[in-house]
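Dear colleague,

Please find below the structure that I am handing over to you, together with its sequence. A description of what was found in it follows, arranged by topic.

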Amino acid sequence: MVYKHAPMGLTANILGASGYSAGELLRLLSGHPAITVGVLGAHTRAGQAVGLTHPHLYEHRDDVFVDVQTAAGAGGDLLFSCMPSGSLAALGEAVSAPLVIDLSDDFRAAPDWVYGLVEHARDRVGDATRIANPGCYPTATLLGLVPFARSGLIGGPVIVDALSGVSGAGKGLDDSLSFSALHGSSTAYGATMHRHVPEMERGLVSFGGADLTISFTPHLVPMARGLLVTARAPLNGTLDDAGALAVLHEAYSDEPFVTVTDAWPSTKAVQGSNHALVSARVDDRTGLVIVSATIDNLVKGAAGQALQNANVALGLDETLGLEQIAVWP
């Protein structure tokens, strides 16, 4: 069962606990008043102390990773899976927790899982026992575009350019992700075949009622964390800058983690927080709406959003464990 108006002392187990997003989840849970960390499952690091992998997590430095199968069957009140795509699905019936939140893309199109973009799916998340956490690029893209799609203000194709820090690629060893390759450099990748495009297009249909084609070009930039999306879409009807900002204000005025800003969003302004900044302008010369959104890819783009989903599904205050403001400078 899922606990509505949940008691304190709920236990969360984590699979793939040696990765970056799991490290963020452990950091956030260390300040959560209602959820405590249970079993931490990892593949190659099973048997190792957590402090060797996550040296900043002093509270957990003497904890030990167990194998993934053991963690999957350890019970508890909820399970976060931070494993790569395909890994959770492969475990099948071994997963025993009543509430499961998967941070991979295994179940984002599955009809029996709820796609957990909380700001546009809060009611469904509140009734869910299986939640697919959105990807980082789709999170920022959809937060920016859905209000305009829902209002019938944009057409297609939509052009989306994005910048991401290297932590979005995970811990895999790849020379293109080394310091030598990244320092002072930036490059596009996956411009015609990125796996997040169908997820974005489904989100525009589900939350905005708009079946639009997206052309998406992500760029890897030399920073550890942070993600910025700028999208351009043909404008339907008449709108000015003030009107474009008003569309976003109407959508997010009551949201705890989305802030509409008059200035263009910057990645540094959300670093370490679960907040998203969004803004928009109208380009009269080209007839395009330009929407920009920024998030921390490891927090609102992964672990923070997963915890936000857990809070809503468990009937807790949505902001618990997520009150951190961004780090500056």
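**A salt bridge between two strands**

Arginine 232 is partly exposed, as its relative accessible area is 32%. Please bear in mind from the start that this is a predicted model. The side chain of arginine 232 meets that of aspartate 161 in a salt bridge, with 3.5 Å from N to O. Two distant parts of the chain are linked in this way: arginine 232 belongs to strand β10 (residues 227–234) and aspartate 161 to strand β7 (residues 158–164), 71 residues apart. Aspartate 161 is also partly exposed, with a relative accessible area of 27%.

**Other salt bridges**

How many salt bridges does a search of the whole structure find? The search finds 9. As background, side chains of opposite charge can pair when their charged atoms come close.

One of these salt bridges joins lysine 300 to glutamate 119, and their closest N and O atoms are 2.8 Å apart. Because lysine 300 lies in helix α10 and glutamate 119 in helix α5 (residues 118–126), the pair ties together parts that are 181 residues apart in sequence. Both lysine 300 and glutamate 119 are buried.

Helix α5 also holds arginine 122, whereas glutamate 255 lies in the loop between α9 (241–252) and β11 (258–260), so this pair ties together parts that are 133 residues apart in sequence. The two form a salt bridge in which the closest N and O atoms are 2.6 Å apart. Are the two partners buried or partly exposed? Glutamate 255 has 14% relative accessibility and therefore counts as buried, the cut-off being under 20%. Arginine 122, with a relative accessible area of 27%, is partly exposed.

In addition, a network of salt bridges links Glu24, Arg27, Arg225 and Asp296.

**A buried aspartate and its surroundings**

Aspartate 102 is found in strand β4 (residues 99–102). This residue is buried but has no salt bridge. How far away is the nearest side chain of opposite charge? That side chain is arginine 108, at 6.8 Å, while a salt bridge requires a nitrogen and an oxygen within 4 Å.

Setting aside neighbours within four places in sequence, the residues in contact with aspartate 102 are Ser81, Leu88, Phe107, Trp113, Ile131, Ala132 and Asn133. Two of these contacts, Phe107 and Trp113, reappear in the next section.

**Aromatic rings**

A search of the whole structure finds 3 aromatic pairs. In one of them, the ring centres of phenylalanine 107 and tryptophan 113 are 4.0 Å apart and the planes stand at 0 degrees, so the pair is stacked. Phenylalanine 107 counts as buried because its relative accessibility is 16%. Tryptophan 113 counts as buried too, at 10% relative accessibility.

A ring also takes part in an arrangement with a charge: the charged end of arginine 281 sits over the ring of tryptophan 264, 4.7 Å from its centre.

**The two sheets**

The structure has an open sheet of 6 strands, with parallel pairing and the order β2-β1-β3-β4-β6-β5. Its edge strands, each of which pairs on one side only, are β2 (35–41) and β5 (114–115). Strand β1 (residues 10–15) runs parallel to β2, and 5 bridges join the two. Within β2, valine 37 stands opposite alanine 12.

An open sheet of 7 strands has mixed pairing and the order β8-β9-β7-β10-β13-β12-β11. Here the edge strands are β8 (187–188) and β11, and each pairs on one side only. What is the sense in which β11 and strand β12 (residues 276–283) pair? They pair in the parallel sense, over 3 bridges. Valine 260 stands opposite valine 278 in β12.

**An enclosed helix**

Why is helix α1 (residues 20–29) described as largely enclosed by the rest of the structure? The reason is that 8 of its 10 residues are buried. These are Ser21, Ala22, Gly23, Glu24, Leu25, Leu26, Leu28 and Leu29. The cover over the buried residues of α1 includes β1, β2, β3 (78–81) and α10 (299–313). Glu24, named above as part of the salt-bridge network, is thus among the buried residues of this helix.

Yours sincerely

Note on methods
Residues numbered from 1 in each chain as written. Predicted model: local features only at pLDDT ≥ 70, side-chain atom pairs only at ≥ 80, totals over all residues. Heavy atoms only, no water. Pairing = 2+ DSSP bridges. Helix = DSSP H or I, 4+ residues; strand = E, 2+ residues; numbered from the N terminus. Buried < 20%, exposed > 50% of the residue type's maximum accessible area, 1.4 Å probe, protein only. Lys, Arg positive; Asp, Glu negative; His and termini not counted. Contact = heavy atoms within 4.5 Å. Phe/Tyr/Trp six-rings, centres within 6.5 Å; stacked < 30°, edge-to-face > 60°. Lys NZ or Arg CZ within 6 Å of the ring centre and 35° of its normal.
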